[in-house]
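Me: Please take me through this model, and wherever a term is applied, set the value beside the cut-off that earns it.

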Amino acid sequence: MVIVFVVPSFFAKNTVATGLPNYIYRVSKSLQKLGHTPIVITAGGVDEAVRYDGIQVYRREIPACPLHGNEIVQYLHKSFFMNIVLGKELNCLCKKQRVDIIQFCNLYGLGILYKRKIPSVLRLSSYAPEYYKYSNTYSHRYIKTMGFIERLAGRGKHAIFAPSNVMASAYCRDTGRHVDVIETPYIIDTFGSDELYQKHLAGKKYFLFFGSLYAEKGIYVISRIVGRLLKEHSDFYFVFIGPLHKNDQTPLKEIYKNAGSCKDRIIYLKPLKHDSLYPIIRQADYVVLPSLMDNFPNACIEAMSFGRIVIGTDGTSFEQLITDGVNGFLSKPGDAESLYRKICEACALTAEQKSTMSEKAAQRIDLLKPDVVVKRLIQYYGKVLSDYRRKSDGVKQSEKNY
């Protein structure tokens, strides 16, 4: 099969990968190994047709919004032009070669303008009203606008799926559309270099948070307990790795402030590529990821793949990966005391208990191997194609009888 992915972002030079590009890359490489042809159409700062590790990528520049300051206007401008520009590229591609199925990402409502007859599916990379329902980062009107556009993206698609039960249920509730759940495949794509680990962390015991440092990821929940936690565990450091939302230094300031006399045991590193990040994850004693909401979180998957014990949150998609007390721990989202208790519970494990839990964490991620998950995705595509052909044949037969 030839599968085209239409997404708002993909790997580019000198960029740190986020969840969506990681997903597209891993699925594409797995599809190639199984004899299929993935093609990526994406937005970017330049117009180019390149191959990224053997994957054909068409990147198209999106015009910048001339109006600054209004987040809703900027979002709508980007959504409109992304659909126009990427849609035009998709039409050109479909005229040049055979395409079996198209997978759109719901972000920015991709696929709203799609009218071709090639079967299409929508994958929920998130769903704004659910993902940001505890948001302190975006306004209610902005979240409502994103949700409206993302719901429009589902219209006309032959099938819709999400990686997490939480997002699938929310989108189904708000649209009335059936949403399937297909988990995200995972492969360790590099074993990396431990140069940064050796420079900053060698010989240290540490708690680790990695991901975007903004409210939705629970960074302020950590800030409320970080001082007490480091006093209680005087031989530990707390390491934070990731970007700040719009370069807002507030989360870091809160962390240093609340760490008090222990602030010298706070280590912050800017976003890292996997080859530098993975050795730091692999050596972490505990990974703390108290998201207020998530969508089958990549950070949790990456940490568990190395057998790390993750302290996540219940009801936020982490429970799809973690069974509390078995292969990790689940705290109540937004509850600093609950998070503190779960971290202390993790620290109280014996060496034998910790080893057993680590093994079970890694075993859960084994279920996300491409030969399991991507084969299911291919079967899903096959069913969509089969249903589409059956309906098309039925329409043709009806027209013939008429």
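**Sheets, helices and rings**

Reply: One open sheet has 8 strands in the order β3-β4-β2-β1-β5-β6-β7-β8, and its pairing is mixed. Here β3 (48-52) and β8 (180-181) are the edge strands, each having a single partner, so one side of each has no neighbour in the sheet. The model is predicted, local features needing pLDDT of at least 70 and side-chain atom pairs 80 or more, whereas totals for chains, interfaces and linings use all residues. Residues are numbered from 1 along each chain as its sequence is written, and side-chain values use heavy atoms, without hydrogens and water.

Me: What makes strands β1 and β5 a pair?

Reply: Strands are DSSP runs of E with at least two residues, as helices are runs of H or I with at least four, both numbered from the N terminus, and two strands pair if DSSP finds at least two bridges between them. Between β1 (residues 2-7) and β5 (residues 101-105) there are 4 bridges, and the two strands run parallel; I3, for example, has I101 as its bridge partner in β5.

Me: Which helix lies across β1, β2, β4 and β5?

Reply: That is α2 (residues 71-96), which runs at about 150 degrees to β2. Such angles are taken from 0 to 180 degrees between N-to-C directions, with axes fitted to C-alpha atoms, for helices over the stretch in contact.

Me: Given that α2 and α4 pack at about 20 degrees, why are they called roughly parallel?

Reply: The axes of α2 and α4 (residues 140-152) are 9 Å apart and meet at an angle of about 20 degrees, which makes the two helices roughly parallel, since that term covers angles under 35 degrees, with over 145 counted as roughly antiparallel, 65 to 115 as roughly perpendicular and the rest as oblique. The crossing of α2 past α4 is right-handed, a term used when the near helix is turned clockwise from the far one by less than a right angle, left-handed being the anticlockwise case.

Me: Which residues of α2 and α4 meet?

Reply: On the α2 side they are E71, I72, Y75, L76 and S79, and on the α4 side R141, Y142, T145, M146 and I149, contact meaning heavy atoms within 4.5 Å. These residues divide into 6 nonpolar, 2 polar and 2 charged.

Me: The structure holds 21 aromatic pairs; why is that of F209 and F240 called tilted?

Reply: The ring centres of F209 and F240 are 6.1 Å apart and their planes make 45 degrees; pairing requires centres within 6.5 Å, and planes under 30 degrees apart would be stacked and over 60 edge-to-face, so the rest, tilted, applies. The pair joins distant parts of the chain, F209 in β9 (residues 205-210) and F240 in β10 (residues 236-241), 31 residues apart.

Me: What is the strand order in the open sheet of 6 strands?

Reply: The order is β11-β10-β9-β12-β13-β14, with parallel pairing. At its edges stand β11 (266-269) and β14 (329-331), each with a single partner strand, so one side of each lacks a neighbour in the sheet. β13 (residues 310-313) and β14 are joined by 3 bridges, and T313 stands opposite S331.

Me: How do you know that α11 and α13, which cross at roughly 120 degrees, are oblique?

Reply: The axes of α11 (residues 298-305) and α13 (residues 351-366) come within 7 Å and cross at roughly 120 degrees, a value outside the other classes, and the helices are therefore oblique to each other. Their crossing is left-handed, and the contact involves I301, M304 and S305 of α11 with A361, A362, R364 and I365 of α13.

Key: Nonpolar A, V, L, I, M, F, W, Y, C, P; charged D, E, K, R; others polar. Phe/Tyr/Trp six-rings, centres within 6.5 Å; stacked < 30°, edge-to-face > 60°.
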